[in-house]
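With the structure open in your viewer, please follow the selections below in order, pausing at each stop before moving to the next.

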Amino acid sequence: MMKQKIIAVTACPTGIAHTFMAANKIMAWAKQHNIEVKVETQGSDGVKNRLTKQDIASASAIILATDVPIQDAERFDGVPHLKTRTQELIKDTDRYLRQALAMGKRAEAGEHEPEITRSAYQIFIGHIMAAISYMLPVVVMGGLMMATAKITGQFINIEHSPFSLLDKLGFMTIKFMYPVFAMYLAFSIAGKPALIPGLIGGIMSDEVYKRFFDIETFMPSGFFGAIGIGFFVGYLVRWLNDTIHVRQQLTTIKTMLLVPLITGITLVMVMEYLINPVFGSLNQLMVVFFYLGRRYRTRLLFSDDRRRHRVRSGWACQ
């Protein structure tokens, strides 16, 4: 009898904790049950222990414990596999691995496995977390560059030095936080065709757009706008790809010309006349609210100081 074999892919938003915790859980369970195992981790240090075509073909069970889109996901198209989140697998490893093995047996027998569905909330959070996982390196890199320059500036004069340039580049890097977030949010939903439209929408949600075109009255829609346009572009591209049917010979024209053209025109109109006005106004209201709140707190503190001064003056007169 051929020995059973489990293969898996694990990936979490940060690529540090849950990715390797889930991998260790799978390997420990397989060792305990005398089952051959191979786990591919897609973490912050890249893809490790990559699964080959031979691994996939010879596997008794395949499980994808992922919270973000994985590299080369098309390898598992048409192959029975169980998909879950890393945290769920860590909590109940035995249940999910037994379920994956049972799925493999049913596939060998030609039985159909019902698809596991996720709630709308799980889908929403999954896409948001995927986008954040790509945005974090931008924030970290920009912050480190600025911090290095400013700390160095405490000891030496960095004006007209490479450290001054480092500070400016760090600030510029952080300004790409929202465009990168919107780009990979759209990518999480619709794949590569949504990358550049998502990037353009993200740029329009930030001050980069305002400064480039020198628009004085423009109020950036910020993070809310990046979320809105990321979801809009992702689902628009997915809908266009599913709806527009062309002959095989015209597929390239559809993906390289027709879908980008419709998406580009639509996203600019939506950003200019819906998302930026709505969320830009919301951001402006929040700025005014916090400004008035700060002024009110300042007046209260000033009034308290004057009251204390009067009390002390009264005591002095007595």
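Begin by selecting, in this predicted model, the residues through which α7 and α10 touch: from α7 take Y178, F181, A182, L185, A186, I189 and A190, and from α10 take G222, F223, A226, I227, I229, G230, F231, V233, G234, Y235, V237 and R238. Coloured by residue class, this contact between α7 and α10 divides into 15 nonpolar, three polar and one charged residue.

Next, show both helices in full, α7 as residues 177–190 and α10 as residues 222–243, and look at how their axes lie: the angle between them is about 30°, and the axes are 8 Å apart. Since angles under 35 degrees count as roughly parallel, α7 and α10 are therefore roughly parallel to each other. In handedness, the crossing of α7 past α10 is right-handed.

Now move to the sheet, which is open and has five strands in the order β3-β2-β1-β4-β5, with mixed pairing. Select 46–48 for β3 and 82–84 for β5 to see the edge strands, each of which pairs on one side only. Across this sheet, neighbouring strands are turned against each other by 15° on average, with direction ignored.

Within the sheet, select β1 (residues 5–11) together with β2 (residues 36–43), which pair in the parallel sense over six bridges. Which residue in β2 is the bridge partner of I6? Labelling V37 shows the partner.

Finally, add helix α1, residues 17–32, which lies across β1, β2 and β4 (61–66) and runs at about 180° to β2. With angles over 145 degrees counted as roughly antiparallel, α1 and β2 can be viewed as a roughly antiparallel pair of directions.

Methods. Residues numbered from 1 in each chain as written. Predicted model: local features only at pLDDT ≥ 70, side-chain atom pairs only at ≥ 80, totals over all residues. Heavy atoms only, no water. Axes fitted to C-alpha atoms, helices over the stretch in contact; angles between N-to-C directions. Helix = DSSP H or I, 4+ residues; strand = E, 2+ residues; numbered from the N terminus. Parallel < 35°, antiparallel > 145°, perpendicular 65-115°, else oblique. Left-handed = near helix turned anticlockwise from the far one by under 90°. Contact = heavy atoms within 4.5 Å. Nonpolar A, V, L, I, M, F, W, Y, C, P; charged D, E, K, R; others polar. Pairing = 2+ DSSP bridges.
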